[in-house]
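User: Could you take a close look at one helix for me and walk me through how it sits in the fold? Keep it casual, I'm at the bench.

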Amino acid sequence: SEPSAVTEVKPETITIQALNANKEMVDVEVPYDPQRIAILDMPALDIVDALGVGDRIVGSAAVSIEYLTDYNPDDSNGTIMNLGTVKTADLEKVAACEPDIIFIGGRLSSVYADLEAIAPVVYLAVDYEKGVVESTKSNAQTIAAIFGKEAEVDAMFADFQPRIDALNAVLKGKNVLLGMYNSNALGLMGTASQLNMIANELGAINLSESVGEAQKATHGEEASWETIIKLNPEYMFILDRSTATESADEGVMGVR
């Protein structure tokens, strides 16, 4: 007689590396292949969607990212519970949607313990020393491991390095300014910011590092046009936050 097929036994839980409330990397035990997902972080939502398990989302923060609006609670015909925002979670509704796992970002680290009392919490963030691309890949691999989807992540990132190499060939060693345009003001940003990849993976020299410190990692250190002229960059890379958040004043010209 033919030998019987071997049935793969899936673990009930796995241990991953994620951040705790103090933003320290620790071992976190989470359910393997969870069926009910609560999302309070947009990068995590992007990855969950890309892995093809978005149909398991039972609760989410408000979603304004255009290609992810299918997961916006207010547009889901009641299938996805509204959990608040990525800044302020509605803890009662998080509990009410009975998640197996909760994904959060840094803005909710202060309520980590409250969320952990409801379900295991996966808190991931960008490590600017590692670089945006490698950090994002690492976070995607962590999330993929939870769902047994590691091969999908490897396929997604397979063509990234040639593209980075091509851009690096253009920008390496070039003097640039990194900044954010916000409410009619331009803030210059350090390398440990949302534009990290320009100076890290792509090798540009960020002249913005020489300007101020206070807000550089968030919305930028406000700078005058005279400062920009004095720094004399070869390229400028500017995030237009006012347009992205639909808060631009009438008549304000966005800088891109």
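Analyst: Let's take helix α6, whose buried residues are Ile 164, Asn 168 and Leu 171; buried means under 20% relative accessible area, exposed over 50%, and partly exposed in between (1.4 Å probe, protein chains only). Those three cover an arc of only 75 degrees around the axis, so they sit on the same side of α6; the arc is taken from the directions from the helix axis to the C-beta atoms. That fits the usual rule: an α-helix has 3.6 residues a turn, so residues three or four places apart point the same way.

Before going on, this is a predicted model, where local features need pLDDT of at least 70, side-chain atom pairs count only at pLDDT 80 or more, and totals for chains, interfaces and linings use all residues. Residues are numbered from 1 along each chain as its sequence is written, and side-chain values use heavy atoms, with hydrogens and water left out.

What covers the buried residues of α6? Among the elements doing so are α4 (132-147), α7 (196-199) and β12 (235-240), with contact meaning heavy atoms within 4.5 Å. Helices (H or I, at least four residues) and strands (E, at least two) are DSSP runs, numbered from the N terminus. Flip to the face turned away from the buried side and you find exposed Pro 162 and Ala 169.

As for length, the 12 residues of α6 (residues 160-171) should span 16 Å at 1.5 Å a residue, and the end C-alpha atoms are 16 Å apart, which agrees; the expected span is 1.5 Å times one less than the number of residues. Just after α6, Gly 173 takes a positive phi of about 85 degrees.
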